[in-house]
Amino acid sequence: MEPWMGRTAAVVDLGMLKNNLAEIRKKLKPGVELMAVLKGDGYRHGAEGLYPTLKACGVTNYAVALWSEGVALREHGATEPILVLGDTRDYDLDEAVRYNLDFPVFSVEYAKTVAEAAKRQGRKQNIQIKLDTGMSRIGFPDNDETLEAIKEISQMESLNMTGIFTHFARADEYDHKSAGKQLDRFLRMTEKLKEMGITFPKYHVANSPAILLMPDSQLDMVRAGDILYGLNPIDEEGFKKENFKEILSWYTYVVMVKEVPTGTEVGYGGTFVTKRPTKIATLPVGFADGYRRDLSNRGKVLIRGQEAPIIGRVCMDQCMVDVTDIPDVQRNDQVTLLGGDLSIQWMADLLQTNVDEIVCNISQRVPRVYIDSTQES
C-alpha cells in the first residue's frame, strides 16, 4: 500500500488544483479577480490543506459559508479578504467581528445589529450587500425600497461596504434565459445605486457554471467553487470538453478474504444471496465514513485494477465486495472507492444526485492526505 494509507484516506492532488486554477484563469477577462469558494471545509477537501497552494498561486479572495469557517482560515494564516456567504447569528457577532471577515447584509435591521456589534468592539466591520435577484434565498429584493435601505446602510459609521453580489439559480442552463434576467436585475439595481452616488469596490455574480457559460457575467470578480475542485457544474457532455480534473480520490484496503458456498446470505437483512461459490473481501469503510448506504448491491470498487461489486448492505463501518473474478486478492490490498474510472461524477450519476453531495458526504473521520502530482518523479 501507499505510505499515506491508513484505514482509509481521501487523497487530494494539489497539482490538479493548480491545473484547475490555470484553466479558470484562461476564461477570465483581463483584470477580473478570482474568489476561491471554500465553504463546507473546501467542499470537504480540507480548506486549510488547500489554502497554501491557493495562496501560492495568487488567489487573493476567499469565501466560506460560516463565520467559524472564516476563523479557521484566519487561524491557519489567511490574511486575505474572506466573505462569509451565509448568516451569522446575532449573539455570535460580538465574537465574529474580531476576525476581519466580510459579512453579507440583507436587511436594514441586520445591518444595524452588525454595526452595533462592531461599535462595541471599537471596530469598523466590512460588509457586502446581498441582492436576491431570483434565487429566493437571503438577499434584498430588487426594488426601490432596497435602494433606500442600502442608502441608509451606507451611512452607518461602523460599517464599510466592500462589495455587492447576487447568486444565480440556473446559470448551468445554456439558453441563459433565467440567469440573464438575474444579471439584468443586478446591473439595473447597481446602476441606480451609482446614480445615487453609492458604489462598491467589488461587484460579483458569476459562480462556476457562469464562469464556463456566461463570460458577460464576470464583472469585477468571479466565485469559483465546483470547478476549483474539478467538479462538474453543467451538463456532462459540455464539461468533458473542458480540462478540469477532479482533485480528490478515496482509498481503503482489504481486511479479509473468505470463500462462501452458493446460497450464502451476505450482510444485514440477507439482501444479497450468492449464486455461486463466492470470494468475499471485507472493507473497513461504511456510511459513517460517507460511503453511502444506497451503494448497497449497486456500487463497485477497484481492486488490482479490476471492478468488484458491492454485495449486501453497506454497514456503518464496513462493506463487502465480490472478488471471485479477481485473482489473488489478499489482505492489505489497496482498494479504490473513488478515482480513475470510478469518478465522483460516476458515483453522482449512479446515486442520482450531484457531485457536491458526494464529496460533502465524505466524513471528517476520513483523513485528508495532500500530494502534488506535478512534483512527483
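The following questions and answers concern charged residues in a predicted model.

Reader: How many salt bridges does a search of the whole structure find?

Author: A salt bridge requires a side-chain nitrogen of Lys or Arg within 4 Å of a carboxyl oxygen of Asp or Glu. Arg 7 and Asp 289 form such a pair, at 2.7 Å from N to O. Searching the whole structure for salt bridges gives a total of 21.

Reader: How many residues apart are Arg 7 and Asp 289, the two partners of one salt bridge?

Author: Arg 7 lies in the segment before β1 (8-13). Asp 289 belongs to the loop between β15 (278-283) and β16 (300-303). The pair therefore links distant parts of the chain, and the separation is 282 residues.

Reader: Is Glu 80, which meets Lys 55 in a salt bridge, buried or exposed?

Author: Residues under 20% relative accessible area count as buried, and those over 50% as exposed. Lys 55, at 41%, is partly exposed. Glu 80 has a relative accessible area of 10%, so this residue is buried.

Reader: Is Asp 325 buried or exposed?

Author: Asp 325 forms a salt bridge with Arg 276 at 3.1 Å, N to O. Arg 276 has a relative accessible area of 33% and is partly exposed. Because the value for Asp 325 is 54%, this residue counts as exposed.

Reader: Which residues form a negative surface patch?

Author: Asp and Glu count as negative. One member of the patch is Asp 172, found in the loop between β8 (159-165) and α8 (177-195) and partly exposed at 35% relative accessibility. The patch is formed by Asp 172, Asp 235, Glu 236 and Asp 349.

Key. Residues numbered from 1 in each chain as written. Predicted model: local features only at pLDDT ≥ 70, side-chain atom pairs only at ≥ 80, totals over all residues. Heavy atoms only, no water. Patch = residues over 30% accessible without salt bridge, like charges linked within 9 Å, V, L, I, M, F, W, Y side chains within 5 Å. Areas by Shrake-Rupley, 256 points an atom, 1.4 Å probe, with all protein chains shown as cover. Charge placed at Lys NZ, Arg CZ, Asp CG, Glu CD. Helix = DSSP H or I, 4+ residues; strand = E, 2+ residues; numbered from the N terminus. Buried < 20%, exposed > 50% of the residue type's maximum accessible area, 1.4 Å probe, protein only.
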